[in-house]
Amino acid sequence: MNVFGEPWTTRHTNYFSDPDAGPEALLNDATEWLQYARSNLQTLTELVNERGVPDVRRLTVILDGIGAFMEMGTRCAAQAHLRMQWGKVREKVGRVAAVT
């Protein structure tokens, strides 16, 4: 097995967000990653309809790639949620500090 081939890449993919990105930018990124997954799934479906079952090795690479896109989209959405919640906490702390 090729250690640095496509299967290795799809299993070791991480999403690194801009530390200054707001929740809106992260949600836009999540939408984009999930759209990539959807497009690849649609392409796979068309391939199977046209040719029958594709090569098993290629099928696993495609499915791993779709999984990586979905994972990155999920991470973007989770980071957006975390940053929204963190913003609310900072806002509350700021109001408490202003009152005291």
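## Exercises on a three-helix chain

Arg-75 and Glu-71 sit four residues apart in helix 3, so about one helical turn separates them. (Helices are DSSP runs of H or I with at least four residues, strands are runs of E with at least two, and numbering starts at the N terminus.) The model is predicted: local features need pLDDT of at least 70, side-chain atom pairs count only at pLDDT 80 or more, and totals for chains, interfaces and linings use all residues. Residues are numbered from 1 along each chain as its sequence is written, and side-chain values use heavy atoms, with hydrogens and water left out.

**Exercise 1.** Find how many helices and strands the chain has, and in what order its elements run.

*Solution.*
- Step 1: count the elements. There are three helices and zero strands.
- Step 2: read from the N terminus. The order is α-α-α.

**Exercise 2.** State how many salt bridges the whole structure has, and find the atom distance between Arg-75 and Glu-71.

*Solution.*
- Step 1: search the whole structure. One salt bridge turns up (a side-chain nitrogen of Lys or Arg within 4 Å of a carboxyl oxygen of Asp or Glu).
- Step 2: take the closest N and O atoms of Arg-75 and Glu-71. They are 2.4 Å apart, and the two residues form a salt bridge.
- Step 3: check the surroundings. Arg-75 has a relative accessible area of 30%, so it is partly exposed (buried is under 20%, exposed over 50%, partly exposed in between, with a 1.4 Å probe and protein chains only). Glu-71 is partly exposed too, at 36%.

**Exercise 3.** Compare the reach of helix 3 with its expected span, and list its buried residues.

*Solution.*
- Step 1: helix 3 has 44 residues.
- Step 2: from first C-alpha to last, helix 3 reaches 64 Å, close to the expected 64 Å (1.5 Å times one less than the number of residues).
- Step 3: the buried residues of helix 3 are Val-61, Gly-65, Ile-66, Ala-68, Met-72, Gly-73, Cys-76 and Ala-80.
- Step 4: take Met-72 alone. Its relative accessibility is 6%, so it counts as buried.
- Step 5: set this against the whole chain. Of its 100 residues, 19% count as buried.

**Exercise 4.** Describe how helix 2 and helix 3 pack: what are their angle, axis distance and handedness?

*Solution.*
- Step 1: helix 2 covers residues 23–51, and its angle to helix 3 is about 160° (lines are fitted to C-alpha atoms over the stretch in contact, and angles run from 0 to 180 degrees between N-to-C directions).
- Step 2: the axes lie 8 Å apart.
- Step 3: the two helices are therefore roughly antiparallel (over 145 degrees; under 35 is roughly parallel, 65 to 115 roughly perpendicular, the rest oblique).
- Step 4: their crossing is left-handed (the near helix is turned anticlockwise from the far one by less than a right angle; clockwise is right-handed).
- Step 5: the contact holds 21 nonpolar, three polar and two charged residues (Ala, Val, Leu, Ile, Met, Phe, Trp, Tyr, Cys and Pro are nonpolar; Asp, Glu, Lys and Arg charged; the others, Gly among them, polar).

**Exercise 5.** Find the C-alpha separations of the pairs Met-72 and Ala-30, Pro-23 and Leu-82, and Leu-63 and Leu-44.

*Solution.*
- Step 1: Met-72 and Ala-30 are 42 residues apart in sequence and 7.1 Å apart in space.
- Step 2: Pro-23 and Leu-82 are 59 residues apart along the chain, with 8.5 Å between them.
- Step 3: Leu-63 and Leu-44 are 19 residues apart, with 8.9 Å between them.
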